[in-house]
Amino acid sequence: MKSYKMSAAVLGAAMLFAGCSSSSASTSSSTTSSTASSTASSVAASETTGGGSDVKIGILQYVEHPALDNATKGFEDYLKDNGYADASIDFKSAQGEVANCTSIAQKFVNDNVNLIFAVATPAAQAAANETKDIPIVLSAVTDPADSGLVKSNEKPEVNVTGSSDLNPIEAQFDLLQEILPDAKTVGLLFCNAESNSVFQINLAKEECEKRGLEYVESSVTDSNQIQQVVESLNGKVDAIYVPTDNLMAESMATVSQTASQYGIPCIVGEEGMVENGGLATYGIDYYKLGQLAGAQAVSILNGDSKPEDMAIEYLATDECTLTVNKKAAEKLNIELPQSVLDRAVDVEEED
């Protein structure tokens with residue numbers, strides 16, 4: 001865990017991303033028309049300091065893995081480039097423990113921060129449970145309404161807003177069938193303790209049913225079960241689909257190494273998983289997702305918006321990137337179609 005102050009004021013025009021969901025989510029409003037509710041003291045601080053050193057922001061990140069790290073970096077960079085270079089930032093990682101999320105959220109409330117940036121569903125839920133007044137901007141939460149964080153994604157009506165990492169699951173299954181046209185059965189691998197993963201897996205089941213694919217639902221509750229569960233899929237599935245799941249992202253090296261022993265390719269939720277041995281993804285850019293949340297935070301801190309009126313934002317479909325791991329393909333003796341290679345970004349697999 002670290003605590004620091006962002007330095008060197010930087011002039012920069014606000015970058016606004018056109019927010020829209022995948023086929024399963026509705027188009028959201030622009031960041032200039034949204035915000036969150038705050039205590040009188042928080043609002044007064046943001047209105048009078050104008051981005052100066054008196055502004056205090058708490059960042060609560062559920063766990064450290066590439067996707068969430070990139071979201072946090074995007075958020076910090078956006079604030080630094082848009083008037084809040086001197087804001088005091090208190091970053092805390094909960095190290096994947098829900099109890100830590102609660103204690104960190106309580107600290108931020110006691111510190112009377114002006115805004116909380118909550119990264120991933122457990123972090124956002126902990127922050128929302130601890131304060132109904134301090135503005136909370138979330139990111140890397142698949143469906144805030146489904147997770148009980150807002151009244152609706154279109155109009156939160158509470159002190160919470162942010163950017164969703166709802167994946168283009170339909171496009172990811174298109175990719176699976178483009179690379180693996182003979183696949184008949186797909187293993188759906190996820191942590192059943194994460195509501196965001198359960199939500200995505202339900203969408204994945206719909207995609208399987210729509211395409212005539214069989215599926216084997218394979219869930220775990222902790223990392224110690226992953227190897228055994230992946231081994232149990234040997235001989236039962238032609239591919240594994242892994243959504244944007246925090247436990248799986250943190251343990252992707254174990255997933256991919258175990259699956260590759262049995263010749264099972266993994267189509268995954270985001271680029272960081274591809275870097276850790278997944279075969280391919282068509283996924284969102286978490287850095288841009290963090291910047292989208294940063295734009296919302298700036299609007300709130302400037303006093304231009306209130307979170308209860310700010311729709312949950314989504315990255316546009318054209319912000320997604322097709323990423324492949326050629327080294328993983330070679331290990332699995334899979335020849336990637338030229339149609340995929342022509343559109344893809346190749347990543348270097350982490351050792």
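1. Let's start with Asn 333, which counts as exposed at 73% relative accessibility. Its place is in the loop between helix H12 (326-331) and helix H13 (338-341). Do check the backbone here: phi of Asn 333 is near 55°, a positive value in a residue other than glycine. Most residues other than glycine have a negative phi.

2. Gln 95 deserves a look as well, with phi near 55°, again a positive value in a residue other than glycine. Gln 95 sits in the loop between strand E3 (88-93) and helix H3 (98-110). Is Gln 95 buried or exposed? Neither label fits, because its relative accessible area is 46%, which makes Gln 95 partly exposed.

3. A word on confidence, as this is a predicted model. The mean pLDDT of the protein chain is 87, and 84% of its residues reach 70 or more. The stretch to treat separately is residues 1-51, where pLDDT stays under 50. For residues 1-51 the model nevertheless has 157 contacts beyond four places in sequence.

4. Now to helix packing. Two packed helices are described by the angle between their axes and the distance between the axes. For helix H5 (residues 169-179) and helix H6 (residues 195-211), the angle is about 50° and the axes are 10 Å apart. H5 is therefore oblique to H6. As for handedness, H5 passes H6 in a right-handed crossing.

5. Which residues make up this H5 and H6 contact? From H5 come Ile 169, Glu 170, Phe 173, Asp 174 and Gln 177. They meet Gln 200, Leu 203, Ala 204, Glu 207, Cys 208, Lys 210 and Arg 211 in H6. Sorted by class, the contact has five nonpolar, two polar and five charged residues. For reading the spacing along each helix, recall that an α-helix has 3.6 residues a turn, so residues three or four places apart point the same way.

6. Helix H4 (residues 121-130) is mostly covered, with seven of its 10 residues buried. Which ones are buried in H4? They are Thr 121, Pro 122, Ala 123, Ala 124, Ala 126, Ala 127 and Ala 128.

7. Finally, the surroundings of H4. Its buried residues pack against four strands, namely E2 (56-61), E4 (115-119), E5 (136-141) and E6 (160-164). They also pack against the helices H3 and H6. H6 thus returns here from point 4, where H6 packs with H5 at an angle of about 50°.

Notes
Residues numbered from 1 in each chain as written. Predicted model: local features only at pLDDT ≥ 70, side-chain atom pairs only at ≥ 80, totals over all residues. Heavy atoms only, no water. Axes fitted to C-alpha atoms, helices over the stretch in contact; angles between N-to-C directions. Helix = DSSP H or I, 4+ residues; strand = E, 2+ residues; numbered from the N terminus. Parallel < 35°, antiparallel > 145°, perpendicular 65-115°, else oblique. Left-handed = near helix turned anticlockwise from the far one by under 90°. Contact = heavy atoms within 4.5 Å. Nonpolar A, V, L, I, M, F, W, Y, C, P; charged D, E, K, R; others polar. pLDDT = per-residue confidence, 0-100. Buried < 20%, exposed > 50% of the residue type's maximum accessible area, 1.4 Å probe, protein only.
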